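Grab a coffee and open the viewer: here are some exercises to work through with the model on screen. Try each task before you read its solution.

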Amino acid sequence: VQGDHHRLTQVLANLLNNAARYTPEAGEILVRARQEHGFSVLQVRDTGRGIEAGMLERIFHMFVQGRSPLEKVGTGLGVGLALARRIAEAHGGSLHAHSEGENKGAEFTLRIPLAEKRQGAAGEGDRREPRPMLAKRVLVVDDNVDAAVTLGLLLKSLGHETCVVHDGLQALRMTVEFRPDVVLLDIGMPGLDGYEVARRLRALKRERRLRIIAITGWGQEADRMKSREAGFDVHLVKPVDPGLLTSAIANNNGPTVH
């Protein structure tokens with residue numbers, strides 16, 4: 001295949017780590033690769049706890065919340081898989097999960113176009129090339145340490161310069177020191193909540209307008225209205241679609257509250 005070696009390695013490492021995490025010591029992990037209809041097809045299958053039918057797509061969303069067998073291991077699962085799918089799609093491929101249910105194992109299938117196909121018909125390969133992203137300085141603010149650190153790694157892998165903090169006071173201080181272009185701000189934090197942080201950020205004198213994006217579990221219309229009044233440009237509700245987030249970060253054409 002033709003692509004970014006580092007990012008494709010990230011995808012495979014994520015799938016292997018995920019399989020190892022959810023497979024008991026007596027279980028098995030099988031990795032297979034083959035060519036199929038112009039694609040390289042790589043499958044990672046395990047005999048672990050499996051995935052409920054209702055979670056097969058949700059696990060590719062960022063910050064998946066709710067009770068499920070996946071929740072027992074810890075937090076932050078959804079970001080890694082969301083990043084893996086994003087990288088696959090950027091290479092013109094796909095990443096899907098399959099499971100017969102709880103305790104019946106899971107299988108992840110990664111498809112990436114073969115190099116011959118990508119270099120084939122005129123113009124076809126060009127459409128599949130990942131579009132370059134203008135790097136931003138992004139400040140991530142969330143009191144959930146695991147979620148914040150993982151989101152920072154996600155953004156860094158996409159080419160952004162990131163800084164991660166875990167409370168409102170740190171956010172205010174690092175906005176002055178780090179001078180971000182974008183702030184990804186959780187709302188429900190202890191002490192200074194996201195609304196108050198956004199108000200104080202808007203009061204800062206800056207050469208150019210700071211883009212403030214809410215990433216929160218609060219999604220009622222009243223919450224969106226309150227975030228708009230506090231100065232947020234965009235209101236994204238967890239689990240966040242990676243494509244929507246990257247578009248929100250890249251958009252500098254003024255406020256677009258969702």
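**Exercise 1. Work out how accessible each partner is in the Arg202 and Asp233 salt bridge.**

Step 1. Start with Arg202, which counts as partly exposed because its relative accessibility is 27%; buried means under 20% relative accessible area, exposed over 50%, and partly exposed in between (1.4 Å probe, protein chains only).

Step 2. Asp233, by contrast, is buried, with a relative accessible area of 0%.

Step 3. Now the geometry: the two side chains meet in a salt bridge at 2.8 Å, N to O. The term stands for a side-chain nitrogen of Lys or Arg within 4 Å of a carboxyl oxygen of Asp or Glu.

Step 4. Place the partners along the chain: Arg202 sits in helix H7 and Asp233 in the loop between helix H8 (221-230) and S9, so to speak distant parts of the chain, 31 residues apart. Helices (H or I, at least four residues) and strands (E, at least two) are DSSP runs, numbered from the N terminus.

A word on the ground rules: this is a predicted model, where local features need pLDDT of at least 70 and side-chain atom pairs count only at pLDDT 80 or more, while totals for chains, interfaces and linings use all residues. Residues are numbered from 1 along each chain as its sequence is written, and side-chain values use heavy atoms, with hydrogens and water left out.

**Exercise 2. Find which other residues form salt bridges, and place them in the chain.**

Step 1. The total count is 14 salt bridges.

Step 2. Stay in helix H7 (residues 194-203): Arg200 and Glu196 both lie there, 4 residues apart, about one turn of the helix. Their side chains meet at 3.0 Å, N to O. Arg200 is partly exposed at 37% relative accessible area, and Glu196 is partly exposed at 27%.

Step 3. Next, pair Lys238 with Asp142; their closest N and O atoms are 3.5 Å apart. Lys238 is in the loop between strand S9 (234-237) and helix H9 (242-250), and Asp142 is in the loop between strand S5 (137-141) and helix H5 (145-157), 96 residues away. Both Lys238 and Asp142 are buried.

Step 4. Finish with a network: salt bridges link Arg32, Arg45 and Glu107.

**Exercise 3. Which strands form the open sheet, and in what order?**

Step 1. Read off the order, S1-S2-S4-S3, with antiparallel pairing. Two strands pair if DSSP finds at least two bridges between them.

Step 2. Look at the edges: strand S1 (29-36) and strand S3 (94-98) each pair on one side only.

Step 3. Check one pairing: 5 bridges join S3 to strand S4 (residues 106-113), and Leu95 stands opposite Leu110 in S4.

Step 4. Add helix H1 (residues 5-21), which packs on the sheet and touches S1, strand S2 (39-46), S3 and S4. Contact means heavy atoms within 4.5 Å.

**Exercise 4. Is strand S8 buried or exposed?**

Step 1. Count: 6 of the 6 residues of S8 (residues 211-216) are buried, so the strand is largely enclosed by the rest of the structure.

Step 2. Compare its faces: Arg211, Ile213 and Ile215 lie on one side, Ile212, Ala214 and Thr216 on the other, and all are buried.

Step 3. Find a neighbour: S7 runs parallel to S8, joined by 4 bridges, with Val183 opposite Ile212.

Step 4. Zoom in on Ile213, whose contacts include Val182, Leu184, Phe232 and Ile249. Ile213 is also one of the residues that touch the most other members of the largest nonpolar core, which has 39 residues. Such a core is a set of buried Ala, Val, Leu, Ile, Met, Phe, Trp, Tyr and Cys residues joined through side-chain atoms within 4.5 Å.

Step 5. Another core, of 22 residues, lies apart from it, and Ala214 is among its members.

**Exercise 5. Where does pLDDT stay under 50?**

Step 1. Take the overall figure: the chain's mean pLDDT is 83, on the predictor's per-residue confidence scale from 0 to 100.

Step 2. Locate the weak stretches: residues 65-78 stay under 50, and residues 117-132 are below 50.

Step 3. Compare elements: helix H4 (residues 124-128) has the lowest mean pLDDT (43), and strand S7 (residues 182-185) the highest (97).

Step 4. Draw the lesson: where pLDDT is low, the predicted coordinates should not be read in detail.

Key: Axes fitted to C-alpha atoms, helices over the stretch in contact; angles between N-to-C directions. Lists of a residue's contacts leave out its neighbours within four places in sequence.
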